[in-house]
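Open the model in your viewer and color it by secondary structure. We will walk through it one selection at a time.

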Amino acid sequence: MNRILILGANGQIARHVIRSLREDGESRMTLFLRDATRAMATAGDGTRVFEGDVLDPLMLEAAMDGQDMVYANLSGALDTHAAAITAAMARTGLRRLVFVSAMGVHGEVPGMRLGAGFAPHRAAARIIEAAGVDHTLLRPAWLSDEDEVAYGLSARDEAFANPQEPVSRRSVADLVSRICRNPDKAVGASLGVHRRAEPGHPGCDAAGSAPRGAQAP
């Protein structure tokens with residue numbers, strides 16, 4: 001059974017992931033969030049809950065104890081968060097990280113205008129790629145709450161497809177869940193996540209084709 005630490009467990013994408021992993025019963029989750037009372041509706045039996053801040057090294061290391069992988073879906077100062085997470089992973093010997101950022105962190109969207117507030121996203125990507133952990137960086141397009149799973153992937157060195165159209169949070173959660181169930185897939189990858197025109201047919205379908213350089217979970 002794969003043991004997964006979920007940082008930012010009250011986030012909208014993370015809540016979809018938690019429900020998916022809880023339903024299949026193949027993973028053991030530890031939820032990490034600022035207010036533990038928010039996790040009670042999604043935790044389920046056997047789920048550990050940590051209340052704290054990812055910038056608290058002692059709390060973060062305690063949550064990492066005994067885990068197989070970390071899934072981080074945070075907001076705000078992503079560069080500071082990325083540095084804290086990878087440092088704690090180095091101290092605890094934890095190797096596998098799935099980190100959700102946003103499209104544009106590699107300059108892969110021509111003409112995309114990014115404000116100063118986007119700098120932490122780019123810095124976080126650099127920190128994670130330089131940390132020496134078995135990472136998967138996810139770069140979704142702008143997000144929507146559409147009730148659909150419809151997405152495709154692009155590799156780090158490919159142009160971001162369909163950047164003008166939002167991708168659903170359910171789609172990103174579907175990809176995260178697939179990677180959590182198959183942690184040996186997409187290691188070292190930076191995957192752009194865009195909306196595809198065919199709802200219900202995700203581009204990461206194990207029976208489908210992945211983009212060049214992107215390994216399908």
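Start with the open sheet: 8 strands in the order β3-β2-β1-β4-β5-β6-β10-β8, with mixed pairing. Strands are DSSP runs (E, at least two residues) and helices are too (H or I, at least four), numbered from the N terminus; two strands pair if DSSP finds at least two bridges between them. Select 48–51 and 151–154 next for the edge strands β3 and β8, each pairing on one side only. Neighbouring strands here are turned by 20° against each other on average, direction ignored.

This is a predicted model, where local features need pLDDT of at least 70 and side-chain atom pairs pLDDT 80 or more, while totals for chains, interfaces and linings use all residues. Residues are numbered from 1 along each chain as its sequence is written, and side-chain values use heavy atoms, leaving out hydrogens and water.

Now pick β6 (134–140) and β10 (189–195), which pair in the parallel sense over 5 bridges. R139 has G192 of β10 as its bridge partner.

Add helix α5 (119–130), which lies across β5 (96–100), β6 and β10 and runs at about 160° to β6. Angles run from 0 to 180 degrees between N-to-C directions, with axes fitted to C-alpha atoms, for helices over the stretch in contact; contact means heavy atoms within 4.5 Å.

Finish with α1 and α6 (169–181), whose axes come within 8 Å and cross at roughly 45°. The two helices are therefore oblique to each other (neither under 35, over 145, nor 65 to 115 degrees). Among the residues making the contact are H16 and L21 of α1 and V176 and C180 of α6.
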